[in-house]
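Dear colleague,

I am handing over the structure we spoke about, so that you can open it and read along. Please keep it in view while you go through my notes.

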Amino acid sequence: MQPVRAIDLGLMTCRVCAQVIDRATVGANVRCVRCHRVVTTRMRGSVEKSLALLIAGMILYFPANLLPVLHTSSVRGSSDSTIIGGILEFWDTGSWDIAALIFLASVVVPVTKFLAIGLLLWTVRWHSAWARHERAKLYRFVEFIGYWSMLDVVVVAITCSLLQFKALASAEPGLGIVFFCAVVVSTMMAARSFDPRLIWDTPGGGA
Amino acid sequence: MNIPAPTIETHRIRVRLVWIIPIVAAVVGVTLVIQNWRERGPRVTITFESGEGLEVGKTLIKYRDVTIGRVSQITLSDDRTHVEVVGDLVKSASDVAVQSAQFWVVRPRIGVGWASGLDTLLSGAYIGVEPGTGGGSRTRFIGLETPPPLDHGSQGRQIVLSAHDLGSLSAGAPVYFHRFQVGRVIEEHLDESTAEARIVAFIDAPYDKDITPATRFWNASGVDLNLSAEGLKVRTQSAATVLAGGIAFADAPVSSDADVAKPEADFTLYADEQTAMAPPNGEPHIIRMRFEKPLRGLVVGAPIEFVGVEVGSVTSIDVGYEPKTVHFPVFVTGKLYPQRMGLAYKTIHANGAVSTDEDIVRFWGQLIGHGLRAQPRSGNLLTGRLYLALDFVPGAPKVNFNPAARPTELPTIESGMGELQANITQVVKKLDALPLERVVDHLDQDLTALHGTLGQINDKLLPSATQTLGTTHDALENVGDLLTGDSAFRVNIEQTLDDVQQTLHSFKALADYLDHHPEALIKGRPADPGIPQAKPAGKADGVK
């Protein structure tokens with residue numbers, strides 16, 4: 001039996017309290033009778049919002065990588081390290097596992113998210129019926145890996161709080177980490193803004 | 001199924017507001033790029049002999065300890081003779097890279113009495129800059145191998161010293177004024193044309209004001225050991241200069257600089273303080289003296305004194321020969337600096353007596369007429385060194401002075417006759433003062449008493465001593481008799497000793513027996529103890 005979309009039945013649900021509302025009796029913009037949240041059949045401007053946040057994330061990804069994320073100073077002098085520089089340093093000093101982990105969190109995950117959300121938006125924009133189940137899985141995957149990029153931010157935060165020996169050695173966060181944090185937040189918001197139901201709003205998606 | 005009707009509300013918020021986020025992100029990104037581009041200053045290429053301690057991306061370019069750039073690339077030059085270091089300067093430091101700018105690598109350097117760049121021991125080397133003062137901008141520089149001697153914008157004055165030799169001076173050697181360090185040597189080189197050492201020194205403000213045309217500089221290097229007619233002298237400036245050398249300066253005594261004017265930038269570096277502080281020499285006047293007696297202890301460089309003031313020195317000592325009389329006179333040549341006579345010279349000069357060479361010679365003639373003679377004198381009894389004294393000798397025999405002779409010949413008198421006479425007179429006077437008669441009286445009495453004592457010894461002590469010796473001799477003879485080969489005494493002693501030996505043997509046997517059989521003391525001796533039979537050695541070992 002083919003699954004049936006609520007929209008086909010003229011129904012919609014409140015996203016907060018799951019109250020089922022009869023769409024046929026009202027217009028497009030309604031409030032939930034129970035919790036008074038605005039209820040829509042699909043998230044309003046989902047694609048546009050998601051796209052805007054995705055583009056913002058991609059733009060912010062450049063300063064996040066070009067600016068130093070960590071400023072360390074010790075008696076041997078001070079140095080600024082960028083994300084890529086830090087990964088290379090870990091790799092060179094033999095800590096290839098840490099290097100791989102940071103590489104995963106700071107390069108692989110964000111880039112995957114850009115590509116995945118981009119793909120989702122692209123296919124939804126053109127009402128593609130291609131691989132809908134896989135795209136739904138992809139969406140869930142993007143939601144899942146979203147916060148793992150915060151690993152970098154946490155690493156910098158812990159390093160800065162632990163490495164405080166006054167004149168001997170100290171570490172301070174660089175401007176880059178702020179941008180990186182913004183990248184993570186904006187891509188997560190982009191993923192959240194995307195309405196996965198749109199995947200199924202294609203010919204044959206409902207009935 | 002009854003589904004309630006919801007309330008209807010038209011929405012007012014426009015979704016397009018979300019586009020502000022990427023726009024803000026783009027603006028921030030572009031701003032950063034522009035800011036970065038604006039902050040980027042000129043890129044300079046500096047060549048060094050070696051890239052020791054330099055690291056791409058880490059080595060900083062600093063001016064007054066403020067970072068103004070960073071090394072972005074290090075490459076070998078095409079001909080591989082040096083290293084090319086590319087540095088990116090910040091925008092605010094772009095006026096540093098002009099024609100006269102100097103770059104050098106700051107590394108730890110330690111010398112005697114100074115150290116620099118010690119902070120780079122931990123932090124690693126950095127490139128120091130002395131910004132240029134003018135000229136057009138430039139991107140290629142040749143790095144200095146040693147830091148420039150002067151700090152950024154030092155206030156003071158540079159002076160040039162010329163010296164016969166460098167001594168132990170080197171760049172960085174301190175310059176002292178009243179034993180305060182007020183400057184340092186910044187450069188030294190040999191002047192090709194004059195073969196003199198040229199030393200450039202920098203005197204820090206405000207001490208540069210202490211340098212006047214009358215200032216004298218001297219080499220304060222090392223330990224100055226001087227053994228001369230005046231005795232042993234040891235002079236040092238400070239512990240550091242002993243090892244590293246140094247220069248000291250002070251004003252010459254006021255009286256001597258009245259008619260001396262030197263160009264301000266060029267001074268003479270004297271070998272020592274004494275030379276430096278001596279009145280200016282002026283033109284030397286050569287004199288020659290003939291001595292008939294050998295002059296042991298007179299050396300080249302020995303001082304020539306006029307009424308106790310050193311006015312010159314001996315320059316050569318020659319031995320002449322007169323075949324007729326087979327006589328070897330000694331000819332001594334010396335340099336006299338009339339100006340060293342100071343006030344006397346000025347007075348004489350003012351009277352116009354010595355304006356030309358002939359005048360000087362005529363003046364000599366007058367002095368010789370008044371009894372001026374050269375005389376070798378002992379300057380130091382310890383070393384035996386002699387010096388020449390020019391003095392007026394009353395009643396000196398008249399001599400013929402030849403004003404035409406060059407060098408001027410000075411009449412002489414022989415070594416210290418007067419001195420010797422005075423010494424002898426002194427000795428005689430002291431002898432006179434001795435209470436000789438009283439001493440002789442006392443001696444006579446003492447000798448008489450001694451004579452008496454000796455007589456007593458002779459009369460009484462000696463006969464009794466002879467008697468005692470005879471008795472002793474008899475006693476010894478008796479003892480000798482007792483001990484001869486077949487005397488009864490000796491035979492008795494030998495027998496007694498044999499008996500004692502046998503007794504001891506028996507006693508030993510008893511002791512051994514009791515040791516093994518202590519019960520015998522109570523029980524008595526068993527019937528036949530027998531002699532314990534020696535067991536075979538092997539079996540005995542086995543039992544053990």
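Below is what I found, beginning with chain A and then turning to the strands of chain B.

Please remember that this is a predicted model. Chain A averages a pLDDT of 84, and 92% of its residues score at least 70. Among the elements of that chain, helix 7 of chain A (residues 175–193) has the highest mean pLDDT, 91, while strand 6 of chain A (residues 77–81) has the lowest, 76. Where pLDDT is low, the predicted coordinates should not be read in detail.

In chain B, seven strands form an open sheet with mixed pairing, and their order is 23-24-20-21-22-19-25. Strand 23 (372–380) and strand 25 (408–410) of chain B are the edge strands, each pairing on one side only. Neighbouring strands of this sheet are turned against each other by 35° on average, direction ignored. At one edge, strand 23 of chain B pairs with strand 24 of chain B (residues 385–392) in the antiparallel sense over eight bridges, and B:Asn380 has B:Arg385 in strand 24 as its bridge partner.

Earlier in chain B, strand 2 (residues 60–63) and strand 3 (residues 66–76) of chain B are antiparallel and share four bridges, with B:Lys62 standing opposite B:Thr67. Their hairpin has two residues between the strands, and B:Arg64 takes a positive phi near 50° there. Strand 3 of chain B also pairs with strand 4 of chain B (residues 83–90), again in the antiparallel sense, over seven bridges, and B:Gly69 stands opposite B:Leu89. In this hairpin, which has six residues between the strands, B:Arg80 takes a positive phi near 60°.

With best wishes

Definitions and conventions:
Residues numbered from 1 in each chain as written. Chains lettered and ligands numbered in written order. Predicted model: local features only at pLDDT ≥ 70, side-chain atom pairs only at ≥ 80, totals over all residues. Pairing = 2+ DSSP bridges. Axes fitted to C-alpha atoms, helices over the stretch in contact; angles between N-to-C directions. pLDDT = per-residue confidence, 0-100.
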